[in-house]
Amino acid sequence: RYNRQNFNGKNNENNGPLSVEEHSGDSRVKSDTFSSTLSSTVTNNVVNELRVQLARDKELGLANSDSPEAVIGTGAGTNLNVGRNNFSPRETTIKRIQFIDNVSYLQGRSNWKFGLDFNFDRIFNFFPGLFSGSYTFPSYTALANNAPTAYTQNFAGAGTTGGTTHPNLSEYAFYGQDDLRVNSKLTLNL
C-alpha cells in the first residue's frame with residue numbers, strides 16, 4: 001500500500017478575527033507512506049506475518065512577515081495581532097521505518113503466538129518560538145506613541161542548536177502468548 005498526502009493551507013498558521021494576514025503564513029504538509037505485508041504458511045502448523053512500513057512526514061509552517069510580532073489591546077478584552085506570529089517559520093519532519101513480525105504455532109491444544117515491533121523515527125524539529133520577538137501594547141494609543149509595556153524574545157542557549165531539536169525515537173516491543181484449550185468450554189489466554 002502507498003499513500004500520499006499533500007496539503008497546502010493558505011494562511012492557516014494563525015488566524016482569527018483579530019489576526020491580520022501578515023500574522024499568519026501557509027501550512028504545508030507532505031506525507032508519503034509505504035506499507036507491505038507478507039503472510040507465509042511455513043508448515044502445516046506455523047504461519048508467519050511480516051509487515052514493513054516506510055514513511056516520511058514533512059510539515060512546514062511559513063511566515064508572511066519578517067517584522068516582530070505586536071500584540072495590541074483593543075479595549076474590548078481582546079488583542080489585535082500584527083507582524084510575524086511568534087512560532088513561524090517552523091518545520092517538523094519525521095522519517096520512519098517499522099518492522100513487525102508475528103509467528104503463530106499450533107501444537108496440540110495450544111496456539112502459540114510470538115512477535116516483535118521495532119519502530120525507528122528520525123525527527124528534525126525546528127521551532128523558533130519567540131525568536132523574532134514580541135511587543136505588547138496596552139492600547140492603540142500606546143502603539144501610536146511607540147510605547148510598549150513589554151518585549152519578549154527568546155535566544156538560543158549556550159551550546160544549543162537554537163530552535164532545532166532531534167527528538168528521535170527507537171522503540172522495541174516483544175510479546176508472547178498461548179491460547180490453551182483446556183476443554184470444549186474453557187480456553188486460557190496466557
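**A friendly note on rings and overall form**

1. Let's start with one side chain: Phe 114 has a relative accessibility of 40%, so it counts as partly exposed. Please keep in mind while reading that this is a predicted model.

2. Phe 114 has a ring partner in Trp 112. The centres of the two rings are 6.1 Å apart and their planes meet at 5°, which makes this a stacked pair because planes under 30 degrees apart count as stacked. Trp 112 has a relative accessible area of 30%, so this residue is partly exposed.

3. Stepping back, how many aromatic pairs does the structure hold? There are seven. One of them joins Phe 87 and Phe 127, whose ring centres lie 6.4 Å apart with the planes at 5°, so this pair is stacked.

4. Where do Phe 87 and Phe 127 sit along the chain? Phe 87 is in the loop that runs between strand E5 (79-82) and strand E6 (90-107), while Phe 127 is in the loop between strand E7 (110-126) and strand E8 (134-137). The pair therefore ties together parts of the chain that are 40 residues apart in sequence. As for Phe 127, its relative accessibility is 43%, so it counts as partly exposed: the value falls between the 20% limit for buried and the 50% limit for exposed.

5. Another group of rings is worth finding in the viewer. Phe 118, Phe 120, Tyr 172 and Phe 174 form a cluster linked by ring pairs.

6. Now for the fold as a whole. The chain has twelve strands and one helix. Reading from the N terminus, eight strands come before the helix and four follow it, in the order β-β-β-β-β-β-β-β-α-β-β-β-β. The radius of gyration is 27 Å, whereas the globule rule gives 16 Å for 190 residues, so the chain is more spread out than a compact globule. Its C-alpha trace spans about 85 × 35 × 35 Å along the principal axes.

7. What share of the contacts with a separation of 6 or more links residues 24 or more positions apart? In this chain that share is 63%. Buried residues, for their part, make up 28% of the 190 residues.

8. Finally, a look at surface and charge. The accessible surface of the chain is about 11,900 Å², and carbon and sulfur atoms account for 54% of that area. The chain carries 17 positive and 17 negative charges, and the mean positions of these two sets are 8 Å apart.

Methods. Residues are numbered from 1 along each chain as its sequence is written. This is a predicted model: local features need pLDDT of at least 70, side-chain atom pairs count only at pLDDT 80 or more; totals for chains, interfaces and linings use all residues. Side-chain values use heavy atoms; hydrogens and water are left out. Helices (H or I, at least four residues) and strands (E, at least two) are DSSP runs, numbered from the N terminus. The radius of gyration is taken over C-alpha atoms; the globule rule is 2.2 Å times the number of residues to the power 0.38. Buried means under 20% relative accessible area, exposed over 50%, partly exposed in between (1.4 Å probe, protein chains only). Contact means heavy atoms within 4.5 Å. Accessible areas come from the Shrake-Rupley method with a 1.4 Å probe; for residues, only the protein chains shown count as cover. Lys and Arg count as positive and Asp and Glu as negative; His and the chain ends are not counted. The place of a charge is taken as NZ of Lys, CZ of Arg, CG of Asp or CD of Glu. Rings of Phe, Tyr and Trp (its six-membered ring) pair if their centres lie within 6.5 Å; planes under 30 degrees apart count as stacked, over 60 as edge-to-face and the rest as tilted.
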